[in-house]
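Got the viewer open? Here is a short tour, one selection at a time.

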Amino acid sequence: MNTSDFIKRLTETVEEYISAEESYSDDVQLQINTLTFEMEIADPENDLPDCDYYPMMDLVRMSTENPGQWEPDTDAIADVAAEYVFTD
């Protein structure tokens with residue numbers, strides 16, 4: 001995996017969360033497996049070894065073009081991606 005693929009997958013996971021936000025608790029987390037870089041939306045009760053967790057609400061922002069709607073926060077997503085080392 002390279003950085004751009006990671007950011008794309010992370011953005012897709014955030015979009016998945018936004019599309020069904022009402023299905024999740026307020027403190028739902030993004031789970032990233034540090035060995036495989038697989039991502040999923042996870043309950044904060046999960047605390048699996050070899051996984052990193054980020055609050056989903058930290059990865060969204062209010063849309064400036066569509067007030068009242070969430071959109072992926074590209075800056076926050078880039079900050080998460082910067083925590084990992086990829087061999088592009």
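Before the first stop, a definition: buried means under 20% relative accessible area, exposed over 50%, and partly exposed in between, with a 1.4 Å probe and protein chains only. Helices (H or I, at least four residues) and strands (E, at least two) are DSSP runs numbered from the N terminus. This is a predicted model, where local features need pLDDT of at least 70 and side-chain atom pairs count only at pLDDT 80 or more, while totals for chains, interfaces and linings use all residues. Residues are numbered from 1 along each chain as its sequence is written, and side-chain values use heavy atoms, with hydrogens and water left out.

**Stop one: helix α2**

Select residues 74–81, which make up α2, and pick out A76, I77, V80 and A81: these are buried. Why do they sit on the same side of α2? Because they cover an arc of only 140° around the axis (taken from the directions from the helix axis to the C-beta atoms), they share one side. Now flip to the face turned away from that buried side, where you meet the exposed D75 and D79.

What covers the buried residues? Show α1 (3–19), β1 (29–33), β3 (51–55) and β5 (70–72), which are among the covering elements; contact here means heavy atoms within 4.5 Å.

Next, go to the N-terminal end of α2. D73 caps it, with a side-chain oxygen 3.1 Å from the backbone nitrogen of D75.

**Stop two: the salt bridges**

Stay on D73, which counts as buried because its relative accessibility is 15%. Add R61: these two form a salt bridge, with the closest N and O atoms 3.7 Å apart. The term asks for a side-chain nitrogen of Lys or Arg within 4 Å of a carboxyl oxygen of Asp or Glu. R61 is in strand β4 and D73 in the loop between β5 and α2, twelve residues apart.

Now add E71, whose side chain meets that of R61 in a salt bridge at 2.9 Å, N to O. R61 lies in β4 (residues 60–62) and E71 in β5, so this pair ties together parts ten residues apart in sequence. Shared partners join R61, E71 and D73 into one network. A search of the whole structure finds two salt bridges.

**Stop three: the sheet**

Finally, select the open three-stranded sheet, ordered β2-β1-β3 with antiparallel pairing. Strands pair if DSSP finds at least two bridges between them. The edges are β2 (39–42) and β3, each pairing on one side only. Zoom in on β1 and β3, which pair over five bridges; L30 has Y54 in β3 as its bridge partner.

Note on methods
A polar contact is a pair of N or O atoms within 3.5 Å; within protein, one must be able to donate a hydrogen and the other to accept it, and residues adjacent in sequence count only if both atoms are side-chain atoms.
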